Amino acid sequence: MAAPGEYFSIGSQVSCRTCQEQRLQGEVVAFDYPSKMLALKCPSSSGKPNHADILLLNLQYISDVEIINDRTETPPPLASLNVNKLASRARMEKEEKLSQAYAISAGVSPDGQQLFQTIHKTIKDCKWQEKNIVVMEEVVIAPPYQVENCKGKEGSALSHVRKIVEKHFRDLESQKMVPRSPAQQPQKETALSS
């Protein structure tokens, strides 16, 4: 662990051993001495290129830290954040969560909620109007949310939404038809004869 006055330079390569004897290695992206927190950028555990894992390590639980390559030059400037894009994403996430909460509080069936999520993945212009799903201000899907419950002006929008609804329920049916593995099968109780 870092002794008083010691610090880790941003960009340095370090290797750490956790209290569980796990060896971690990565690039220092942040270090906070008062809280003893070290942030390391490590290769992605998903294996995707251009991705990385960021590990936050509490140095109180690290038994050994070895500096492999100390960076002495000034680190590159931090990438600028697109605040407008972040605010827009936060606003959209909030609207989506409020929409889900509204559906639950309005007593919409789980089938209706699932269908809404499926449609929303493809068509963002999707909202609740009481218990009805309104898509692109053109198509209304009323409970019980089947293809025949899709109403609107005949055209490409209505046709497209009907296809999404049809595929949604077809996918649900195929999931129910998938045979279960032996571990998922209900166990039969057998009576022991005495």
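Reader: Which residues form a nonpolar patch on the surface?

Author: Happy to start there, with the reminder that this is a predicted model. One member of the patch, Ile54, lies in strand 4. Together the patch residues have about 290 Å² of accessible area. The nonpolar patch is formed by Val29, Ile54 and Leu56.

Reader: What is the bridge partner of Lys41 in strand 4?

Author: Let's begin with the two strands. Strand 3 (residues 37–43) pairs with strand 2 (residues 23–32), and seven bridges join strand 3 to strand 4 (residues 52–58), with the two running antiparallel. In strand 4, the partner of Lys41 is a residue that also belongs to the nonpolar patch: Ile54.

Reader: In which sense do strand 2 and strand 3 pair, and over how many bridges?

Author: A good place to look is Phe31, whose bridge partner in strand 3 is Leu38. The hairpin of these strands has four residues between them, and Lys36 takes a positive phi near 60° there. Strand 2 and strand 3 pair in the antiparallel sense, over five bridges.

Reader: Where does the charged end of Lys36 sit?

Author: Lys36 belongs to the hairpin of strand 2 and strand 3. Its charged end lies 3.7 Å from the centre of an aromatic ring. The ring under that charged end is the one of Tyr33.

Reader: How is the aromatic pair of Phe31 and Tyr33 arranged?

Author: A search of the whole structure finds four aromatic pairs. In the pair of Phe31 and Tyr33, the centres are 6.4 Å apart and the planes are at 70°. Planes over 60 degrees apart count as edge-to-face, so the arrangement of Phe31 and Tyr33 is edge-to-face.

Reader: Is Phe31 buried or exposed, and what about Tyr33?

Author: These two residues share one aromatic cluster with Phe8. Phe31 has a relative accessible area of 18%, and the cut-off for buried is under 20%, so Phe31 counts as buried. Tyr33 has a relative accessible area of 28%, which falls between the cut-offs of 20% and 50%, so Tyr33 is partly exposed.

Reader: Why is the pair of Trp128 and Tyr145 edge-to-face, and how many residues apart in sequence are the parts that the pair ties together?

Author: The ring centres of Trp128 and Tyr145 are 6.4 Å apart and the planes are at 85°, so the pair is edge-to-face. Trp128 lies in strand 6 (residues 126–129), while Tyr145 lies in the loop between strand 8 (139–141) and strand 9 (150–152). Trp128 is buried at 12% relative accessibility, and Tyr145 is buried at 2%. The parts tied together by this pair are 17 residues apart in sequence.

Reader: Which peptide bond is cis, with omega near 10°?

Author: Most peptide bonds are trans, and most residues other than glycine have a negative phi. The loop between strand 8 and strand 9 holds Pro144. Tyr145, in that loop, has a positive phi of about 65° although it is not a glycine. The cis bond is the one from Pro143 to Pro144.

Reader: Is Glu137 buried or exposed?

Author: Glu137 is found in the loop between strand 7 (132–135) and strand 8. Glu137 is not a glycine, yet it has a positive phi of about 60°. At 55% relative accessibility, above the cut-off of 50%, Glu137 counts as exposed.

Methods. Residues numbered from 1 in each chain as written. Predicted model: local features only at pLDDT ≥ 70, side-chain atom pairs only at ≥ 80, totals over all residues. Heavy atoms only, no water. Pairing = 2+ DSSP bridges. Phe/Tyr/Trp six-rings, centres within 6.5 Å; stacked < 30°, edge-to-face > 60°. Buried < 20%, exposed > 50% of the residue type's maximum accessible area, 1.4 Å probe, protein only. Lys NZ or Arg CZ within 6 Å of the ring centre and 35° of its normal. Patch = residues over 30% accessible without salt bridge, like charges linked within 9 Å, V, L, I, M, F, W, Y side chains within 5 Å. Areas by Shrake-Rupley, 256 points an atom, 1.4 Å probe, with all protein chains shown as cover. Salt bridge = Lys/Arg side-chain N within 4 Å of Asp/Glu carboxyl O.
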